[in-house]
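Here is a short report on one structure, covering a sheet, its packing helices, a helix pair, the cysteines and one loop residue.

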Amino acid sequence: MATILVTGGAGFIGANFVHYWLARREGRVVNLDKLTYAGNPENLAVLEGNPRHELVRGDIGDRAVVSRLLREHQPVAVVNFAAESHVDRSIHGPAAFVETNLVGTFALIDEVKAYWASLDGDARHAFRFLHVSTDEVYGSLGADDPAFSETTPYAPNSPYSASKAGSDHLVRAYHHTYGLPTLTTNCSNNYGPYQFPEKLIPLIIHNALAGKPLPVYGDGKNVRDWLYVEDHCSAIVRVLDAGRVGETYNVGGNSERQNIAVVHTLCGILDELQPRPDGRYSDLITYVRDRPGHDRRYAIDPTKIRTELAWEPSHTFEAGMRQTVQWYLDHQDWVLHVTSGSYREWVTAHYGA
């Protein structure tokens, strides 16, 4: 049975992809993850003992580890989720983002190139390297600007998005220069199960249930295109199966919303599923100082992936949000474990006590 190598597969999107793949495909997944604060083995707990999944603790920048895994397992594809991904953290500590997202991706893809070059015949022809990236590399849109397409010029505005832009360029260069069969996906804001509560949606759910203020940056009118994580996983599988080598595919959820609207949607669902005894959750909304360089609007034009690969998201924004809230209500033990210690210190530093 064929094996794929997934990097960053203990993080939010990566873990969801591992679950999605194993539920729908045969073969094995070798999962390489550095297991930092956001790479959580508990995201994969139900796979413990599953012979089709192997979790390896390691850094994509460790060439010896990457080379060994490629030689031993002979994967038919590498799917790269490994990344530092939170804009706020990149503002306060950009070095880790450059090291993982740019230098780490270089080491990974260089080792993958050597492995691919060693393959023969059908194995070499069928191999794919899929790099998962973000819409933030395109910069910020005005209210009336057209959505990001695959030809939108890059204009990253944060250390995070700049480091991801650099990694995208490396992937493109390795295809153009060496012929490595690469694919790149640039996705909009993901949400769903297993998301670490530094991001907006799980942070709001967590604070609301604890009766804490619900922090909203600036005027709350920054716009994002929201994508349910399972839909993102289905898009990646579709691109792996049928995407044109060397191409980029933008993956969006057709769900542009202002941040404040997202927060009110969450509050409404929580009011229904787990009402507060002393008021409504929206009473807890608190506006906080905006972060530096906060991009005003992101939006994805998914025409290419829809027309070429017949992919569209299957979850509406409202349905995906309800499933997400219910998941967090049903998994409070998971939330308790990931929100202890260093997480609380981080939230205090960024949003106040």
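In this predicted model, β7 pairs with strand β9 (residues 223–228) in the parallel sense, over three bridges. One residue pair shows the register: tyrosine 191 has tyrosine 228 of β9 as its bridge partner.

Helix α8 (residues 229–242) packs on the sheet and touches β7 and β9. The direction of α8 makes about 70° with that of β9. α9 packs on the sheet too, touching β9 and β11. Its direction makes about 90° with that of β11.

The sheet itself is open and has three strands, in the order β7-β9-β11. Its pairing is mixed. β7 (189–191) and β11 (256–258) stand at the edges with a single partner strand each, so one side of each has no neighbour in the sheet. From one strand to the next, the twist averages 50°.

Next, the cysteines. How many disulfides does a search of the whole structure find? The search finds zero. For cysteine 187 and cysteine 233, the table gives the values.

| Cysteine | Relative accessible area | Closest cysteine sulfur | Sulfur distance |
|---|---|---|---|
| Cysteine 187 | 6% (buried) | Cysteine 233 | 10 Å |
| Cysteine 233 | 1% (buried) | Cysteine 187 | 10 Å |

Why is there no bond between the sulfur of cysteine 187 and the closest cysteine sulfur? The two sulfurs are 10 Å apart, which is too far for a bond. A disulfide needs the sulfur atoms within 2.5 Å.

Now the helix pair. Helix α2 (residues 63–73) packs against helix α4 (residues 94–118) at an angle of about 35°. Their axes are 9 Å apart. The crossing of α2 past α4 is right-handed. On the α2 side, the contact is made by Arg63, Val66, Ser67 and Leu70. On the α4 side, Phe106, Ala107, Leu108, Asp110, Glu111, Val112 and Tyr115 take part. By class, the residues of this contact are seven nonpolar, one polar and three charged.

Last, a loop residue. Where is glutamine 274 found? Glutamine 274 lies in the loop between α9 (259–273) and β12 (285–288). Is glutamine 274 buried or exposed? Neither label fits: glutamine 274 is partly exposed, because its relative accessible area is 39%. Leaving aside residues up to four places away in sequence, glutamine 274 touches Leu209, Tyr281 and Leu329. Glutamine 326 is 52 residues from glutamine 274 in sequence, and the C-alpha to C-alpha distance is 9.8 Å.

How values were computed
Residues numbered from 1 in each chain as written. Predicted model: local features only at pLDDT ≥ 70, side-chain atom pairs only at ≥ 80, totals over all residues. Heavy atoms only, no water. Axes fitted to C-alpha atoms, helices over the stretch in contact; angles between N-to-C directions. Helix = DSSP H or I, 4+ residues; strand = E, 2+ residues; numbered from the N terminus. Left-handed = near helix turned anticlockwise from the far one by under 90°. Contact = heavy atoms within 4.5 Å. Nonpolar A, V, L, I, M, F, W, Y, C, P; charged D, E, K, R; others polar. Buried < 20%, exposed > 50% of the residue type's maximum accessible area, 1.4 Å probe, protein only. Pairing = 2+ DSSP bridges.
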